[in-house]
Amino acid sequence: MHTNWVEDFGLVFERITAGASNCLVDIVMMGREKCGKTELVEFYFGDHSSYQVEEQEMRVQYTINLSNTAFRIWILDVKDIEFIKLAEFRDKTVFLFCYDVNDPESLADLEERWIPEFMARSMNNMYWFLVGIKHDPNVNQSTVNGTNRRDGKMATRERVKDLLKRFRLGWTIECSLDDRDSMANVFQSVIDTVYPRTTVN
């Protein structure tokens, strides 16, 4: 790896970022209960030595310290929608709108509740992604298969494209809870958004 870069727990930082005295990444994850957002954090960071979980009003806060970078991650479930109305967020907070790729209702919940509530606020200097989460297919896959399943996935992709365009969301990412690299891609994308790379890895 280039000398300007350091890797920690599968995530890559520029040394200038990793060595900063006050380098924070705030992530707010939203979506309906059991869409996979909690598992995404627990599965990826749960074994890290600095991993901490704290129950707070209207949210659960996960804290992970990587190379002097404090990941402050709030996991919000459906009861926490009031938190979006009341909370103050730092500049460059990254909002992840999470849905289960096998559950169209979880995408509808974002469209009808979470995203409109978010857009109702003034969110200057913030970033946001749509994150599609795939569960273990042996646990969470629909019993419908074949053509119906393919048609359902195509309809979901079209709906995602519509949401991105209609609400002017930034990007969409898909990850699988049984694929560590794809989970890392979610958090690496957040890091690269908040701290854009100044050199080539």
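A nonpolar core, as used here, is a set of buried Ala, Val, Leu, Ile, Met, Phe, Trp, Tyr and Cys residues joined through side-chain atoms within 4.5 Å. The largest such core in this structure, a predicted model, holds 32 residues. Within this core, Leu11, Leu40, Phe45, Ile73, Leu96 and Phe187 touch the most other members. Many elements feed the core. At least two residues each come from strands E2 (11–14), E3 (23–30), E5 (59–66), E7 (94–100), E8 (127–134) and E9 (171–176). Helices H2 (37–45) and H7 (180–194) also supply at least two residues each. H7 gives the largest share, 7 residues. There is also a second, separate core of 24 residues. Its members include Met30, Val101, Leu107 and Met126.

Step back to the whole protein. Its secondary structure amounts to 7 helices and 9 strands. Of its 201 residues, 47% are buried. Take the contacts between residues at least 6 apart in sequence: 73% of them join residues at least 24 apart. The exposed surface comes to about 10,600 Å². Carbon and sulfur atoms account for 46% of that area.

Now return to H7. How does the span of its 15 residues compare with 1.5 Å a residue? The expected figure is 21 Å, and the end C-alpha atoms lie 22 Å apart, so the two agree. The helix is mostly covered, with 11 of its 15 residues buried. Nonpolar residues on the buried list include Met183, Ala184, Val186, Phe187, Val190, Ile191 and Val194. The list also has Ser182, Gln188, Ser189 and Thr193.

Two serines of H7 show what covers this helix. Ser182 sits in H7. Its relative accessibility is 13%, so Ser182 counts as buried, the cut-off being under 20%. Beyond its neighbours within four places in sequence, Ser182 contacts Glu174, Cys175 and Ser176. Of the elements above, strand E9 spans 171–176. Ser189 is also in H7. Its relative accessible area is 18%, and Ser189 is therefore buried as well. With residues up to four places away set aside, Ser189 touches Phe129 and Ile173.

H4 is another helix to trace. It runs over residues 104–119, 16 residues in total. From first C-alpha to last it reaches 21 Å, close to the 22 Å expected at 1.5 Å a residue. Yet H4 has a kink of about 40 degrees, centred on Leu110. Leu110 itself is buried. So are Ser106, Leu107, Ala108, Asp109 and Glu111, along with Trp114, Ile115 and Phe118. Leu107 also belongs to the second core.

Next, go to the N-terminal hairpin. Strand E1 covers residues 5–8 and pairs with E2 in the antiparallel sense, over 4 bridges. Glu7 has Val12 of E2 as its bridge partner. The hairpin has 2 residues between its strands. Phe9 lies in this loop between E1 and E2. What is notable about phi at Phe9? Its phi is positive, about 60 degrees, although Phe9 is not a glycine. Phe9 has a relative accessible area of 26%, so it ranks as partly exposed.

Phe9 also leads to His48. This histidine is found in the loop between H2 and strand E4 (52–56). Is His48 buried or exposed? At 12% relative accessibility, His48 counts as buried. Leaving out its neighbours within four places in sequence, His48 is in contact with Asp8 and Phe9. Its other such contacts are Ile64, Asn65 and Leu66. Leu66 is 18 residues from His48 along the chain. Their C-alpha atoms are separated by 9.1 Å.

One more loop deserves a look. Lys34 is found between E3 and H2. Its phi is near 70 degrees, a positive value in a residue other than glycine. Where does Lys34 stand, buried or exposed? Its relative accessible area is 68%, over the 50% cut-off, so Lys34 is exposed. Phe9, by contrast, is partly exposed at 26%.

Note on methods
Residues numbered from 1 in each chain as written. Predicted model: local features only at pLDDT ≥ 70, side-chain atom pairs only at ≥ 80, totals over all residues. Heavy atoms only, no water. Buried < 20%, exposed > 50% of the residue type's maximum accessible area, 1.4 Å probe, protein only. Expected span 1.5 Å × (residues − 1). Bend = angle between axes of the 7 residues up to and from the residue. Pairing = 2+ DSSP bridges. Contact = heavy atoms within 4.5 Å. Areas by Shrake-Rupley, 256 points an atom, 1.4 Å probe, with all protein chains shown as cover.
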